[in-house]
Amino acid sequence: MSDAEKDFYQVYEVFSKKTDTAPLQYQFSLLAPNRELAFIMAKENFFRREQPADIWVVKRDDIRTMTQEEREGIKNLDKAYRETKGYGYLKKKWRKYEQEQLTEKDIMGGGNS
Amino acid sequence: MEAVYQQNIDHFMDRINNGEKIEADDWMPDDYREALIRLISMHGISEIMGALPEKEWVPKAPTLHRKLAIMAKVQDEMGHGQLLLRVAEDLMAPLGKNRDDIMKDLFSGRLKFHNVFHMEAPTWGDAGIIAWLVDGAAIISQTMMLGTSYGPYGRALKRICAEEVFHAQHGESIIMALAEGTEEQRELLQDALNRWWTSLLMFFGPKSKNETGHSNQDKNMQYKLRTKTNEQLRQEFLTKYVPRIWSLGLTIPDPTLRFDEEKSEWEYADPDWSEFKKIVTGNGPKSKERLALRVRSYEMNSWVREALGKRPQHI
């Protein structure tokens with residue numbers, strides 16, 4: 001096989017949205033010789049039944065994904081200080097002062113309670 | 001060097017045993033990659049070759065509704081082939097191979113496809129039995145692999161299984177109409193069942209390597225590519241379908257078939273595994289014809305692929 005034949009097909013990744021407000025969701029990949037055909041193939045391959053609000057096709061070469069090392073490295077990071085669960089101990093503290101700890105809802109709601 | 005390899009393999013097995021999914025670019029042992037390529041390219045090509053016996057029935061479907069439904073099914077099967085070949089070719093890329101190599105392996109007979117797709121489908125009853133029972137058997141083995149350790153295969157199977165539900169119901173609808181039809185229609189259905197029964201038992205493969213000389217079951221289980229043996233799947237199939245077949249008043253062409261309450265398993269006449277081997281190595285009743293059809297359409301459509309591939313003129 002010549003190089004030209006080998007380069008004929010490119011891998012495209014397909015994403016779609018179910019509704020206008022839904023987040024973009026990964027579907028699958030496909031082989032196509034160019035972007036327009038990738039788009040047509042995406043419709044044929046992944047939306048024979050479902051009606052999508054939008055379809056994106058992206059050449060895989062243009063996407064930077066995580067390597068195995070990066071995925072494994074990020075897995076066990078302790079980020080409790082960035083999340084409410086890191087501040088759960090305050091509940092007990094406030095009780096000592098005969099106060100309820102403000103919940104996420106209370107804080108977000110502007111302190112109505 | 002050996003110590004590094006051992007470290008890699010230990011880490012890999014830990015990941016698998018922890019239920020993590022392996023991705024295409026992750027480190028994997030060569031025999032894991034080989035097992036996946038063998039399994040997935042065979043599965044993908046079977047989807048494509050499997051569309052051929054059904055496609056024969058598109059122009060001959062008895063009603064417009066049936067024609068639309070069987071056309072949709074044929075299109076789905078080709079779509080499944082596309083998904084699976086994508087998964088296989090990502091695994092083959094590091095070996096310098098691509099989809100063309102899969103097709104060439106199919107044409108040369110090196111790559112095998114499921115025994116059922118080497119068989120004839122002479123009547124509309126066959127179209128019904130294929131969709132009901134062949135797809136029913138395929139669903140049993142595909143859902144078993146949904147939890148496979150290889151991420152991309154699992155994701156492809158999830159899409160495939162969702163569509164198989166429609167296929168199974170399409171099959172049930174055909175056989176139900178025939179079973180509740182005229183005497184002639186019931187005979188058509190019974191004949192088709194007689195033709196397909198042995199192939200259906202063979203579909204799940206031999207119990208062990210004793211029957212055919214080799215088996216990849218153990219390795220595939222160890223690598224969590226599959227979770228059940230061929231025989232477990234066949235037993236599930238029998239439990240699921242035999243009572244339904246009998247309830248329609250059909251006869252299964254195996255007088256020894258019975259459920260052994262004590263052993264809690266089905267007893268059946270073992271198919272002739274040498275015949276199975278003959279079929280899957282390309283010597284079944286329709287093997288050569290279907291392969292020739294595939295080669296011909298691949299060659300005849302090459303100009304279409306080429307024409308569509310021309311880059312559109314951007315303004």
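How many Å separate the centres of domain 1 of chain A and domain 2 of chain A, taken over C-alpha atoms? The separation of these two centres is 45 Å. The legends below refer to a predicted model.

**Figure 1. The two domains of chain A.** The domain assignment places residues 3–62 of chain A in domain 1 and residues 79–113 in domain 2. Over C-alpha atoms, the centre of domain 1 of chain A lies 45 Å from that of domain 2. The C-alpha trace of chain A extends about 80 × 35 × 20 Å along its principal axes. Its radius of gyration is 24 Å, against a value near 13 Å for a compact globule of 113 residues. Of the 113 residues in chain A, 13% are buried. Contacts between residues at least 24 apart make up 41% of the chain A contacts that join residues at least 6 apart in sequence.

**Figure 2. Secondary structure and confidence in chain A.** Chain A contains five helices and three strands, and their order from the N terminus is α-β-β-α-β-α-α-α. The mean pLDDT of the chain is 89, with 91% of residues at 70 or more. Among the elements of chain A, β3(A) has the highest mean pLDDT, 98, and helix α1 (residues 3–6) the lowest, 62.

**Figure 3. Strand pairing around β1 of chain A.** Strand β1 (residues 10–17) of chain A pairs with strand β2 (residues 25–32) of chain A through seven bridges, in the antiparallel sense. β1(A) also runs antiparallel to strand β3 (residues 54–59) of chain A, and six bridges join them. A:Phe15 has a bridge partner on each of these strands: A:Tyr26 in β2(A) and A:Trp56 in β3(A).

**Figure 4. The surroundings of A:Val14.** Is A:Val14 buried or exposed? A:Val14, a residue of strand β1 of chain A, has 22 C-beta neighbours inside 10 Å and therefore counts as buried. Beyond its neighbours within four places in sequence, A:Val14 is in contact with A:Gln27, A:Phe28, A:Ser29 and A:Leu30, and also with A:Ala42, A:Phe46, A:Ile55 and A:Val57. A:Leu24 is ten residues from A:Val14 along the chain, and the C-alpha atoms of the two are separated by 10 Å.

**Figure 5. The fold of chain B.** The secondary structure of chain B consists of 13 helices and two strands. Chain B has a radius of gyration of 21 Å, close to the 20 Å given by the globule rule for 315 residues, so chain B is as compact as a globular protein of that length. Taken along the principal axes, its C-alpha atoms occupy a box of roughly 70 × 65 × 35 Å. Buried residues account for 35% of the 315 in chain B. Of the contacts in chain B between residues at least 6 apart in sequence, 75% are between residues at least 24 apart.

**Figure 6. The contact between chains A and B.** The contact comprises 14 residues from chain A and 16 residues from chain B. On the chain B side, at least two residues each come from α3 (64–92), α4 (99–108), α6 (151–179) and α13 (302–309). Which element gives the largest share of the side of chain B that touches chain A? That share is five residues, and α3(B) supplies it. By class, this side of chain B has eight charged, four polar and four nonpolar residues.

Technical notes. Residues are numbered from 1 along each chain as its sequence is written. Chains are lettered from A and ligands numbered from 1 in the order in which they are written. This is a predicted model: local features need pLDDT of at least 70, side-chain atom pairs count only at pLDDT 80 or more; totals for chains, interfaces and linings use all residues. Two residues are in contact if their C-beta atoms, placed from the backbone, lie within 7 Å. Helices (H or I, at least four residues) and strands (E, at least two) are DSSP runs, numbered from the N terminus. Ala, Val, Leu, Ile, Met, Phe, Trp, Tyr, Cys and Pro count as nonpolar, Asp, Glu, Lys and Arg as charged, and the others, Gly among them, as polar. The radius of gyration is taken over C-alpha atoms; the globule rule is 2.2 Å times the number of residues to the power 0.38. A residue is buried if 20 or more other C-beta atoms lie within 10 Å of its own, exposed if 12 or fewer, and partly exposed in between; C-beta atoms are placed from the backbone. Two strands pair if DSSP finds at least two bridges between them. Domain bounds come from an automatic or database domain assignment. pLDDT is the predictor's confidence in each residue, from 0 to 100.
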